[in-house]
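This report describes a protein model in terms of its domains, its ligand shell, its helix packing and its backbone geometry.

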Amino acid sequence: MWKVQLFKLNYDKRESQAVKDVVDSGWITMGENTKKFENSFEEMLGGTIYATALSSATASLHIALLSLDIQKGDEVIIPALTFVADINVVRMVGATPILADCESYNDWNISARTIEKVITPKTKAVILVHFAGYPCQMDEIVALCKERDIALIEDCAHAPEARYKGKAVGTFGEYGCFSFFTNKNLSVGEGGMLITKSEKYDREAKYFRSHGMTALTLDRHKGRAITYDVAQSGLNYRIDEMRSALGLVQLDKLAKANAKREELVEHYHDRLIGVEGLTIPFINIVNIESVYHIFPILLDNEIDRVALIGKLKDDGIQSSIHYPAFKDFTAFRDIGLNEAPIAEDIATRELTLPLYPTMTHDEVDLVCDSLIKNLGELK
Ligand SMILES: Cc1ncc(COP(=O)(O)O)c(C=O)c1O
């Protein structure tokens, strides 16, 4: 149906072999591959850091809020422009989500300036997102959170291996939360990783992941434990060995895949900067190394986005929207969310074009040719 899909897996025989090896080994629930995946992820991030592999990034965000004891009466600042996971986890622990706006029409991330505007005495935590793989300006945000005694959670779902001033994102705050959902830079189907520098938070995360149990099924299988204690209440947020094995292969490919994304984005820039009807965000942002998770553009006010998506579809080009505004979803319509004018405006005009590491330059040209032609027709 599509000539150019929004996303394609960067998989080959290595992923198939990795899953086959796990199945053939006879051990499929959390075990040695998971430990290896965590260790390799820790190495990739650098420094003294602890990683806990989980069933999703949403699980990692939930665990972070539970461990910080965020509850009813507390406020948590989240970006106004992000995926619903961030608002859902805040509401699931009973706290109140407060929206921080984008820094500007060029830098769509939240910033110390937009966070500070919405801090109140009830603010207990900030969840930031490195949108589209472009890191936030961390020095100012870290300083603000320290000064106001507010916990910082980095949602790095878009940004594995992205760096701010040479330091990996996910290592700045109390927690870093990564997603390995299908369309992410590192994909295993469903999966996530929780990062922390604190031994205490790491211990709690590993308890939260597996019912608070002090020993795993694997420990009993290996004869290392006969029974177990339950140290604290917990959930089942475990990853399995198939996904961890996929994660190891994908982690090995990540740097090269991110470099290919950068090359494709440069090609998009060459073709689209200056084209009438659109602007491209995240131009000349300082201090950062992006990992180009998605390629978002901003349509001019007069362009009918739904009509454009239809015309692109007629040409075989898949596109998408990141993200609709929270206030337009049924679940959040009546909860009294504060306004965030730039994010709300971007939400009505954003369009995401295809981007994935195995995409060819000819495919970028197909997308750009169709986009330019259809924008001309819609003006
Ligand atoms: C910014 C952001 N946060 C969190 C998530 C949730 O990730 P997961 O599907 O692994 O729970 C996503 C997934 O799309 C995301 O884009």
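## Domains

Domain bounds, as used here, come from an automatic or database domain assignment. For this protein, the assignment gives domain 1 as residues 13-252 and domain 2 as residues 255-378. The model is predicted. Between the C-alpha centres of domain 1 and domain 2 the distance is 26 Å.

The contact between the domains involves 28 residues of domain 1 and 29 residues of domain 2. On the side of domain 1 that touches domain 2, the elements giving two or more residues are strand 3 (96-100) and strand 6 (163-164). By class, the residues on this side of domain 1 are 17 nonpolar, six polar and five charged.

## Overall dimensions

The protein contains 12 helices and 13 strands. Along the principal axes, its C-alpha atoms fill a box of roughly 70 × 55 × 40 Å.

How does the radius of gyration of the protein stand against that of a compact globule with 379 residues? A compact globule of that many residues would have a radius near 21 Å, and the protein has 21 Å, so the two agree.

## Ligand shell

There are 14 residues around the ligand, and those that come nearest are S56, A57, T58, A157 and S179. Helix 3 (57-67) and helix 4 (84-92) are the elements that give two or more residues to this shell. The shell consists of six nonpolar, six polar and two charged residues.

## Helix 3 and helix 4

The two helices that contribute to the ligand shell also pack against each other, at an angle of about 40 degrees and with their axes 9 Å apart. The crossing of helix 3 and helix 4 is right-handed.

On the helix 3 side, the contact is made by A57, T58, L61, H62 and L65, which meet A85, D86, V89, V90 and M92 of helix 4. Seven of the residues in this contact are nonpolar, two are polar and one is charged. A57 and T58 thus appear in two settings: they meet helix 4, and they are among the residues that come nearest to the ligand.

## Helix 1 and helix 9

A second helix pair is formed by helix 1 (residues 13-25) and helix 9 (residues 241-272), which pack at an angle of about 145 degrees with their axes 9 Å apart. Helix 1 and helix 9 cross in a right-handed sense.

From helix 1, the residues R14, E15, A18, V19, D21 and V22 meet E241, M242, A245, L246, L248 and V249 of helix 9. This contact has eight nonpolar and four charged residues, with no polar ones.

## Backbone exceptions

Most residues other than glycine have a negative phi, and most peptide bonds are trans. Two places in the model can be set against this background.

Which peptide bond is cis? The bond from H322 to Y323 is cis, with omega near 0 degrees. Y323 sits in the loop between helix 10 (305-314) and helix 11 (341-349).

D149, a residue other than glycine, has a positive phi, near 55 degrees. The loop that holds D149 runs between helix 6 (138-148) and strand 5 (151-155).

How values were computed:
Residues numbered from 1 in each chain as written. Predicted model: local features only at pLDDT ≥ 70, side-chain atom pairs only at ≥ 80, totals over all residues. Contact = placed C-beta atoms within 7 Å. Helix = DSSP H or I, 4+ residues; strand = E, 2+ residues; numbered from the N terminus. Nonpolar A, V, L, I, M, F, W, Y, C, P; charged D, E, K, R; others polar. Near = placed C-beta within 6 Å. Axes fitted to C-alpha atoms, helices over the stretch in contact; angles between N-to-C directions. Left-handed = near helix turned anticlockwise from the far one by under 90°. Rg over C-alpha atoms; globule rule 2.2 N^0.38 Å.
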